[in-house]
Amino acid sequence: MFRGDNPQSLSYEQQAKFIQDRITNVEKNFGELCVAFGDYTRKTARLRDMGDELVKVLKDYSNNELVNKSLSTGLENLSTTLTAIEEYRNCEVQRLEAKVIGELCQYETICKHAREELKHTMNVREKELARKKVLDKARERQPFNRQQVTYAETELLKASAEMSRTAKGLSEQTEFFERRKLQQLKSLLSDFVMIEMTFHAKAVELLTVAHQQINDINDKADLENFKRKLRSPEKQVNAGISARSSSLGSLMNPQSPTNDEDSMSLRKMRSPEKQSLNRSGSLAALMNHSSNKEEEDTSESEESDDQESSEETESR
């Protein structure tokens with residue numbers, strides 16, 4: 001590259017323009033790829049966040065479901081499986097950011113350095129042209145001034161040697177730039193495909209498990225349980241009302257030492273009456289029981305007397 005003496009090769013300016021166009025093209029295309037992959041990664045991260053929200057809703061539903069036990073268990077298992085899927089999706093996002101977007105973002109700096117190298121080469125080329133003009137003027141104006149002509153020739157030789165070294169370095173740098181661009185683009189595209197394949201393979205595996213977990217939900221058993229609960233809902237309602245009333249009473253009547261003492265004194269004052277009532281009730285029950293026994297005994301004695309009198313009359 002930059003071999004101007006070869007008539008089949010391009011001129012310096014044309015070669016420089018070609019390299020400049022290649023650098024601009026790579027910078028533009030890699031920038032667009034970086035933006036596109038960045039959008040893709042952000043959408044994937046957004047999908048991961050929405051998946052976490054779905055898992056939260058499923059867990060809340062599972063915890064609040066008290067009648068359909070099989071459904072509650074199935075939702076809990078499904079939320080666990082979906083959580084694992086979102087973990088793999090999070091790994092996918094992290095790998096895309098590191099192996100794809102990170103590599104693409106480096107090309108802004110790489111293209112900048114390549115453009116600086118090209119600019120330096122063109123400055124050296126302009127310096128060589130300037131030295132050649134000085135030599136031509138010296139030969140035209142003072143052809144017999146060998147000292148000045150020799151000095152101009154020496155400066156031109158130095159500029160030409162520097163131009164040769166710079167052009168060779170630029171040629172090597174440009175070739176290295178093109179080779180690295182091709183290899184890295186191929187590598188990062190392969191990494192992208194492998195990252196997606198890995199995630200989707202794990203996702204299919206876990207979604208198969210999730211499908212089985214959904215099939216394990218016994219809707220018939222849950223329906224029978226619902227029917228049983230529907231026939232006797234009073235227990236649940238009474239239990240809920242008693243729990244709410246107790247909690248409401250505890251909130252409305254906070255305990256305090258003075259209230260405890262008053263309540264204890266009231267219990268002591270009321271307890272003798274309750275005990276006397278209990279005792280009187282038990283005595284009344286005993287008395288009723290004894291009177292019933294006496295009545296039964298008298299009735300039995302009367303029946304026995306009647307039987308004896310009847311037997312005596314028959315014997316007579």
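Is Arg115 buried, partly exposed or exposed? Select Arg115 in this predicted model and colour by accessibility. Its relative accessibility is 25%, so Arg115 counts as partly exposed.

**Stop 1: Glu27 and Arg115**

Keep Arg115 selected and add Glu27. Their side chains meet in a salt bridge, at 2.7 Å from N to O. Now show the helices around them. Glu27 sits in helix H1 (residues 12-64) and Arg115 in helix H3 (residues 107-141), so this pair ties together parts that are 88 residues apart in sequence. Glu27 has a relative accessible area of 30% and is partly exposed. Side chains of opposite charge can pair when their charged atoms come close.

**Stop 2: Lys56 and Asp60**

Stay on helix H1 and select Lys56 with Asp60. Both residues belong to helix H1 and stand 4 residues apart, about one turn of the helix. A salt bridge joins the two side chains, at 3.4 Å from N to O. How accessible is each partner? Lys56 is at 49% relative accessibility and counts as partly exposed. Asp60 is at 34% and also counts as partly exposed.

**Stop 3: Arg48 and Asp49**

Next, select Arg48 and Asp49. These residues form a salt bridge in which the closest N and O atoms are 3.3 Å apart. Look at the cover over each one. Arg48, at 17% relative accessibility, counts as buried because the cut-off for buried is under 20%. Asp49, with a relative accessible area of 32%, is partly exposed.

**Stop 4: Arg22, Glu178 and Lys181**

Select Arg22, Glu178 and Lys181 together. A network of salt bridges links these three residues. To see the full set, display every salt bridge in the structure; there are 10.

**Stop 5: the positive patch**

Finally, switch to a surface view. Which residues form the positive surface patch? Select Lys69, Lys227, Arg228, Lys229 and Arg231, which make up the patch. Then highlight helix H5 (residues 219-231), which gives the most to the patch, with 4 residues. One residue to centre on is Arg231, which lies in helix H5. Arg231 counts as exposed because its relative accessibility is 62%, and the cut-off for exposed is over 50%.

Methods: Residues are numbered from 1 along each chain as its sequence is written. This is a predicted model: local features need pLDDT of at least 70, side-chain atom pairs count only at pLDDT 80 or more; totals for chains, interfaces and linings use all residues. Side-chain values use heavy atoms; hydrogens and water are left out. Patches are made of residues with over 30% relative accessible area and no salt bridge: like charges are joined within 9 Å, nonpolar side chains (Val, Leu, Ile, Met, Phe, Trp, Tyr) within 5 Å. Accessible areas come from the Shrake-Rupley method with a 1.4 Å probe; for residues, only the protein chains shown count as cover. A salt bridge is a side-chain nitrogen of Lys or Arg within 4 Å of a carboxyl oxygen of Asp or Glu. Lys and Arg count as positive and Asp and Glu as negative; His and the chain ends are not counted. The place of a charge is taken as NZ of Lys, CZ of Arg, CG of Asp or CD of Glu. Helices (H or I, at least four residues) and strands (E, at least two) are DSSP runs, numbered from the N terminus. Buried means under 20% relative accessible area, exposed over 50%, partly exposed in between (1.4 Å probe, protein chains only).
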